[in-house]
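Student: I am new to this structure and would like to take a close look at a single part of it. Could you start from one loop, and then connect it with what lies around it?

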Amino acid sequence: MIKPRVFITRIIAQEALDKIAQDTDMGVWPEELPPPYEVLLEKARDAEGLVTLLSDRVDAALMDAAPKLKVVSNMAVGYDNITIAEATKRHIVVGNTPGVLTETTADFAFTLLMAAARHVVEAANYTSKGRWKTWGPKILLGQDIHNATLGIIGLGRIGAEVAKRGRGFNMKVLYYDEIRRSEEEERRLGVEYIPDLAKLLSSADFISVHVPLLPQTHHLIGAAEFAMMKPTAVFINTSRGPVVDQKALYEALKSGQIFTAGLDVTEVEPIPPDDPLLTLDNVIIAPHIASASFTTRKNMALMAAENLLAGLRGQTPPNCVNPEALTG
Ligand code: GLV
C-alpha cells in the first residue's frame, strides 16, 4: 500500500516522528531555521499532510500548489499563520495543540511578570557587569506582586491559569473578555469581570494579555491604552506580538508612562536587532518560549502527530479548528 506523503517543517520530538513514520512517507526539514516559503510550497506539492509551526505561513497560494493536501497540523495552540477560511474552502482540516501547553505557558507569563516587576534580568546584568558595590537602600527597587491587582485581558484557558497563579500571590484578579465566564467559574477562579477595558487598564497594577490574534485584536493595546495605565504598571504579553502596537509600547516604556514590560512575542519575530525596544532597560524580551518545557513540547508534538494521522484518514482531528471543512 502506498503511504501518504507528509512534510514536517522542523525536527520535532522523536516519539512523534516515530508515530508519524509508521503510517506515512515522511519528509522532515532538518534545519534550525524554517523552510523558506518557496521551499514549503515545493514540498507541499505532493503532500497529503503537513506538520507546521507558527513561523510557517500556510496561505491560499500554498494550498493551491498542494492539490492532495488533506490536513495541516500546526504544532501550536495559535493558528494565525494559517488562512483558515481558505483551508475550509478546500476541505483541508487544520489541527492545533490546545490544553497541553496551558499551564506551561501560564507559568512563563507569571515568570515574566515577576521578573519584570523585580528587575530580575537587569539585576543579573548589574551583578555580572561588576556594578554591585554595596547594599543600597534605593538600588533596583521594584513593584510588589503580592496583594497587587492583576488585570487579565482574555480569560481563556491560559488566562484562567494565570489568574490562579495571581490568586496564589494573594492578588486581586480582574478580567476583561468578549465573553463573560459563568458566575460559578468566576467564583471558582476568584476573578472579577470588568466589562470595560479602559477601567481594567486604569485599575490594574499588572496587565497580562491572553487573546488570540484576530483582525479585531490587532493593536488592541496602543498609545491610548498605555496612557490609561498607571505609571507603576507592569505589562506582560505572551499572546501574539501584533496584539500590541510596539511603537506605542516603546514610547510608554521610554517616557515612564508605564514601569516595565515582559514580552514573549514581538510584532516581527525574531525582533530586528535595530528595534528601539532593545535599547531599553525596563523591558524583558524572550524569544517566544512560553511553551518551551521538555514535557510540553513533547506533548505538543504527539498531539500534532495525532491530529495529522486522523486528518490523513479522512477523519476530523481530535483538536480541529475547522471541523466544518469535512462537513461543509
Ligand atoms: C505558541 O505561541 C502557540 O500558539 O502555541
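Tutor: Let us start at Pro270, whose place is in the loop between strand S11 (260–263) and strand S12 (283–285). This is a predicted model, and in it the peptide bond that leads from Glu269 to Pro270 is cis, with omega near -5 degrees. As background, most peptide bonds are trans, and most residues other than glycine have a negative phi.

Two further loop residues can be read against the second half of that background. Asn147, in the loop between helix H6 (120–128) and strand S6 (149–153), has a phi near 70 degrees, which is a positive value in a residue other than glycine. His219 is found in the loop between strand S9 (206–209) and helix H10 (223–228), and its phi, near 55 degrees, is likewise positive in a residue that is not glycine.

The strands named so far lead us to a sheet. Seven strands form this open sheet, in the order S8-S7-S6-S9-S10-S11-S12, and the pairing is parallel. Strand S8 (191–193) and S12 stand at its edges with a single partner strand each, so one side of each is left without a neighbour in the sheet. From one strand to the next, the twist averages 20 degrees. Within the sheet, S9 and strand S10 (residues 234–237) pair in the parallel sense over four bridges, and Val209 has Asn237 in S10 as its bridge partner. Helix H11 (residues 246–254) packs on the sheet, where it touches S10, S11 and S12, and its direction makes about 145 degrees with that of S11. Helix H7 (residues 157–168), in turn, lies across S6, S7, S8 and S9 and runs at about 175 degrees to S6.

Another loop of interest is the one between strand S7 (172–176) and helix H8 (183–189), where Arg181 lies. The side chain of Arg181 reaches the backbone oxygen of Gly156 at 3.2 Å, and it also makes a polar contact, at 3.2 Å, with the side chain of Glu185. Leaving aside neighbours within four places in sequence, the residues in contact with Arg181 include Leu155, Arg157, Ala160 and Tyr175.

There is also a sheet of five strands, open and with parallel pairing, in the order S2-S1-S3-S4-S5. Its edge strands are strand S2 (25–28) and strand S5 (93–95), each of which pairs on one side only, and the twist averages 15 degrees from one strand to the next. Helix H12 (residues 294–312) packs on this sheet, touching S1, strand S3 (49–52), strand S4 (71–74) and S5, with its direction at about 175 degrees to that of S4. Strand S1 (residues 5–8) pairs with S2 in the parallel sense over four bridges, and Ile8 stands opposite Val28 in S2.

Finally, we can turn to the ligand, which is surrounded by Leu54, Ala76, Val77, Gly78, Leu101, Arg240 and His288. By class, this shell has four nonpolar, two polar and one charged residues. An oxygen atom of the ligand is 2.8 Å from a polar backbone atom of Val77, and an oxygen atom of the ligand is also 2.8 Å from a polar backbone atom of Gly78. For His288, a polar side-chain atom lies 2.6 Å from an oxygen atom of the ligand. Of the 190 Å² of accessible area that the ligand has on its own, the protein covers 88%.

Definitions and conventions: Residues numbered from 1 in each chain as written. Predicted model: local features only at pLDDT ≥ 70, side-chain atom pairs only at ≥ 80, totals over all residues. Heavy atoms only, no water. Near = heavy atom within 4 Å. Polar contact = N/O pair within 3.5 Å; in protein donor to acceptor, adjacent residues only side chain to side chain. Areas by Shrake-Rupley, 256 points an atom, 1.4 Å probe, with all protein chains shown as cover. Nonpolar A, V, L, I, M, F, W, Y, C, P; charged D, E, K, R; others polar. Pairing = 2+ DSSP bridges. Helix = DSSP H or I, 4+ residues; strand = E, 2+ residues; numbered from the N terminus. Axes fitted to C-alpha atoms, helices over the stretch in contact; angles between N-to-C directions. Contact = heavy atoms within 4.5 Å.
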